[in-house]
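Could you walk me through this protein in the viewer, one selection after another? I would like to know what to pick next and what there is to see at each stop.

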Amino acid sequence: MSKKRSGGGLTGTQQAAKFLGVSVLAGAVLAGIALPAAGVLGLAAKGTVKGFDEIPANLKTPPLSQRTTILDAKGGQIATVYSRDRTVVTLKDVSPYMQKAIVAIEDSRFYEHGAVDLKGVLRALNRNAQSGGVSQGASTLTQQYVKNVFVEEAGDDPDKVAQATQQTLGRKIQELKYAIQVEEELGKKKILENYLNITFFGQQAYGVEAAAQRYFSKSAKDLKLEEAALLAGIVQSPSRYDPVNDTEEATKRRNIVLQRMVQVRDVSQAEADKAMAAPLKLKVSQPKNGCITAVNGSGFFCDYVREVFLSDPVFGKSKEDRAKVWNQGGLTIKTTLDPQAQKSTQQSLKDHVYKTDDVASAVTMVQPGTGKIMAMGQSRPYGFGKNETQINYSVNQKMGGSNYGFPVGSTFKPYVAAAAIEQGKPPTQVYPAPYQMPYPDSIQTCSGQPWRNQGFTLENEDESEVGPYPLRTAMEKSVNTYFVQMIADVGMCPVVDMTNKLGVVQGNGKKLPEEPSALTLGSTGISPLTMAGAYATFANRGTYCTPTAIESIRTADGKSLEVPQSTCNKAMSERTADTINTLLRGVVDSGTGQQAGLTSRDNAGKTGTTDERRNAWFVGYTPNLSAAVWVGSPSQQVKMVNITIGGQYHGKVFGGQVPGPIWKDAMTGALEGVEAPPFNTVVIPDPPKEKPEKPGDGKPGDDRGQGNGGQEPWPGISIPPDLIGGGNNSGQSNGGQDSGGVIGGRTRD
């Protein structure tokens with residue numbers, strides 16, 4: 001009487017019977033016999049199929065997941081990303097030693113049998129019967145390939161992977177039928193090629209090319225005999241025979257492969273002995289997967305490219321569809337990133353802000369007229385370690401950025417000026433602009449319901465900044481009260497319309513709130529990419545182009561994919577844009593942005609600093625490049641007073657003082673060797689001279705509520721009435737240059 005072994009396992013006789021059933025089944029399959037319904041051979045157990053005929057006739061072979069290569073605009077590699085580190089190669093690009101070694105150790109009768117090797121089944125049956133267990137398998141190389149296809153199709157889903165690798169009779173029957181199909185359709189050479197490309201070699205290497213690169217830093221076509229034998233030996237158990245972690249075990253396995261190659265007459269004993277005597281000589285290349293490996297600090301741009309791919313409907317109708325294409329890989333993505341601009345950006349950041357500083361900095365460059373993102377960098381590197389981050393400070397939350405963006409301060413003021421000029425206000429417009437004032441009692445909104453002041457006040461940076469001022473001077477000095485009076489004059493709706501046309505939204509993607517502090521003094525968080533793109537509109541004479549990062553995508557088989565295109569729309573007249581260019585050129589020539597000014601080409605820009613100096617900005621441009629620089633604490637907890645940044649002490653940080661030099665150095669390097677076209681500017685006349693003072697007249701500015709004792713500041717130029725507003729209630733006042741009081745609290749990243 002046969003007995004069960006301890007633990008309830010089958011005896012050797014029972015194992016033999018089971019294998020015999022499989023061999024009979026295999027013979028039936030090979031003969032093309034349709035198996036009867038479940039029950040005849042007891043195939044109704046869990047995990048089996050009901051009948052051979054019910055298995056789909058065609059094996060759906062998914063494209064092999066491969067690495068995706070991201071390139072800059074000049075074709076240089078930025079990074080490689082993949083869910084599977086694999087590079088598919090043809091059989092002619094695989095060393096003959098490798099081809100022979102894998103066949104010798106995995107299926108030495110590969111070229112002699114069909115989809116199923118009956119001799120192999122019987123041999124395994126005999127070995128397993130003798131050992132009392134399953135000590136030898138009988139799967140052919142074709143069957144192994146089919147199994148790997150199931151695993152590849154399962155992707156990273158653990159349940160699907162478990163299902164694809166389950167050792168059940170039903171699964172074996174399914175593999176058999178598909179193996180027959182594959183043998184008929186592909187032939188031996190193609191099966192071997194596919195197997196070498198799909199199988200896992202450990203150390204994150206899928207396919208023979210990735211394995212050759214990983215362990216020996218060479219191509220699969222250049223593998224020597226002993227190297228090929230090592231790789232072939234890994235396949236059976238990549239963890240057990242891992243040469244990186246267990247040299248001794250891997251060497252033993254390699255030598256087994258070499259001896260097997262002798263037995264099947266692939267090599268001579270002398271050749272094998274020589275190879276066995278050779279040390280492993282590994283030259284391991286570390287896996288270079290993901291944006292963390294990106295060059296020149298472009299990890300954040302790399303991550304932005306991924307976010308664009310996963311979010312843009314052009315790459316698939318649903319998020320799942322787009323993720324499937326991305327994970328499939330095999331793409332060559334050419335981006336807009338200019339290597340010269342990126343290198344200059346990172347060097348400037350490195351020179352001015354250390355990664356260990358209490359504050360961080362981000363720089364983004366956009367090309368006017370195309371929307372191409374030319375550079376994107378941060379002072380804190382892309383990564384997981386100390387003083388590193390994966391949050392992209394340059395972009396909106398949806399694209400991997402901070403939760404809310406960062407308050408932009410007075411860099412918002414050019415939008416107000418552009419809206420006012422579009423409404424017909426002249427560039428010589430004068431407002432009283434006292435040093436300190438309450439917000440106006442009410443300001444018209446788009447809804448028709450006026451915004452009403454709740455007792456808030458604002459003031460200018462310096463007590464000497466007392467109007468009346470014309471627009472040009474107010475912009476150069478960044479006079480807060482002037483621009484609040486301007487928005488009170490034209491209303492908030494024109495500014496809302498202007499910012500909508502410029503693509504300006506909050507960092508969380510929401511539209512700007514209709515509040516005077518947000519729509520004049522930049523109290524709301526906005527991303528550097530948004531600011532650089534909007535300012536590029538001025539350089540492009542009024543036409544806004546949406547930012548874009550991808551120029552082209554090519555699949556592994558050479559097919560071109562559609563990519564998102566920048567859309568350009570007129571945001572303002574050329575005359576308005578030219579006027580803003582003229583005004584902002586004055587900021588870098590003689591205003592708050594002098595430390596940022598370029599000497600070799602036309603340039604313009606605006607400084608910005610927010611309440612309590614938690615953020616400092618410089619946003620500027622030339623006719624062919626726009627850039628935004630932000631400096632501050634990502635958590636918004638650091639007040640930049642009595643602080644050391646980049647090894648330099650600052651009593652107070654201003655937009656022109658820290659961000660300005662970063663912008664200047666980054667732009668200088670980015671534009672080296674690039675043409676320097678001029679701006680189209682307009683003539684802004686100087687305001688008329690004041691009348692000589694009469695005895696008893698107050699000096700201008702003595703009455704900070706009226707500017708000059710109620711007199712018109714210049715003959716012939718009227719100041720709109722009721723701009724200063726009423727009430728003397730004390731509200732929040734600004735604590736930094738270029739910014740005003742904040743109405744209510746604001747949330748931070």
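Here is a tour that starts with the whole chain and then moves through strands, helices and rings.

**The whole chain.** Keep in mind that this is a predicted model. Show everything as a cartoon first: the secondary structure comes to 22 helices and 22 strands. Of the 749 residues of the protein, 54% count as buried. Among contacts with a separation of 6 or more, 72% are between residues 24 or more positions apart.

**Stop 1: an open sheet.** Select strands S4, S5, S18, S19 and S20. Together they make an open sheet of 5 strands in the order S5-S4-S20-S19-S18, with antiparallel pairing. At the edges stand S5 and S18 (604-609), each with a single partner strand, so one side of each has no neighbour in the sheet. On average, neighbouring strands here are turned by 10 degrees against each other, direction ignored.

Now zoom in on S19 (residues 615-622) and S20 (residues 625-632), an antiparallel pair with 8 bridges. Which residue of S20 is the bridge partner of Tyr621? Select Ser626 and you have found that partner. Next, add helix H14 (residues 339-352), which packs on the sheet and touches S4 (360-366) and S5. The direction of H14 makes about 25 degrees with that of S5.

**Stop 2: strands S3, S15 and S16.** Select residues 332-335 and 550-554: these are S3 and S15, antiparallel strands joined by 4 bridges. Within this pairing, Ile333 has Ile553 of S15 as its bridge partner. S15 also pairs in the antiparallel sense with S16 (residues 560-561), over 2 bridges. There, Arg554 stands opposite Ser560 in S16. Then look at the turn of this hairpin, where 5 residues lie between the strands and Gly558 takes a positive phi near 90 degrees.

**Stop 3: two packed helices.** Two packed helices are described by the angle between their axes and the distance between the axes. Select H15 (residues 413-422) and H17 (residues 480-490): they pack at about 35 degrees, with axes 10 Å apart. The crossing of H15 and H17 is left-handed. To see the contact, show the side chains of Lys413, Val416, Ala417 and Ala420 from H15, together with Asn480, Phe483, Met486, Ile487 and Val490 from H17.

**Stop 4: aromatic rings.** Colour Phe, Tyr and Trp for this last part; the count comes to 20 aromatic pairs. One of them is Phe309 with Phe315, a stacked pair at 4.1 Å centre to centre with 10 degrees between the planes. Are these two residues buried or exposed? Both Phe309 and Phe315 are buried.

Compare that with Tyr393 and Phe406: their ring centres are 6.1 Å apart and their planes stand at 75 degrees, so this pair is edge-to-face. The pair links distant parts of the chain, with Tyr393 in the loop between S5 (373-378) and S6 (406-407) and Phe406 in S6, 13 residues apart. Tyr393 and Phe406 are buried too.

Next, select Phe412, Tyr415, Tyr535, Phe538, Tyr621 and Phe679, which form one aromatic cluster. You have already met Tyr621, the bridge partner of Ser626.

Finish with Phe110 and Lys188. Where does Lys188 lie relative to the ring of Phe110? Turn the view and you will find Lys188 over the face of that ring, at 4.4 Å from its centre.

Note on methods
Residues are numbered from 1 along each chain as its sequence is written. This is a predicted model: local features need pLDDT of at least 70, side-chain atom pairs count only at pLDDT 80 or more; totals for chains, interfaces and linings use all residues. Side-chain values use heavy atoms; hydrogens and water are left out. Rings of Phe, Tyr and Trp (its six-membered ring) pair if their centres lie within 6.5 Å; planes under 30 degrees apart count as stacked, over 60 as edge-to-face and the rest as tilted. Buried means under 20% relative accessible area, exposed over 50%, partly exposed in between (1.4 Å probe, protein chains only). A charge sits over a ring if NZ of Lys or CZ of Arg is within 6 Å of the ring centre and within 35 degrees of the ring normal. Two strands pair if DSSP finds at least two bridges between them. Axes are lines fitted to C-alpha atoms, for helices over the stretch in contact, and angles run from 0 to 180 degrees between N-to-C directions. Contact means heavy atoms within 4.5 Å. A crossing is left-handed if the near helix is turned anticlockwise from the far one by less than a right angle, and right-handed if clockwise.
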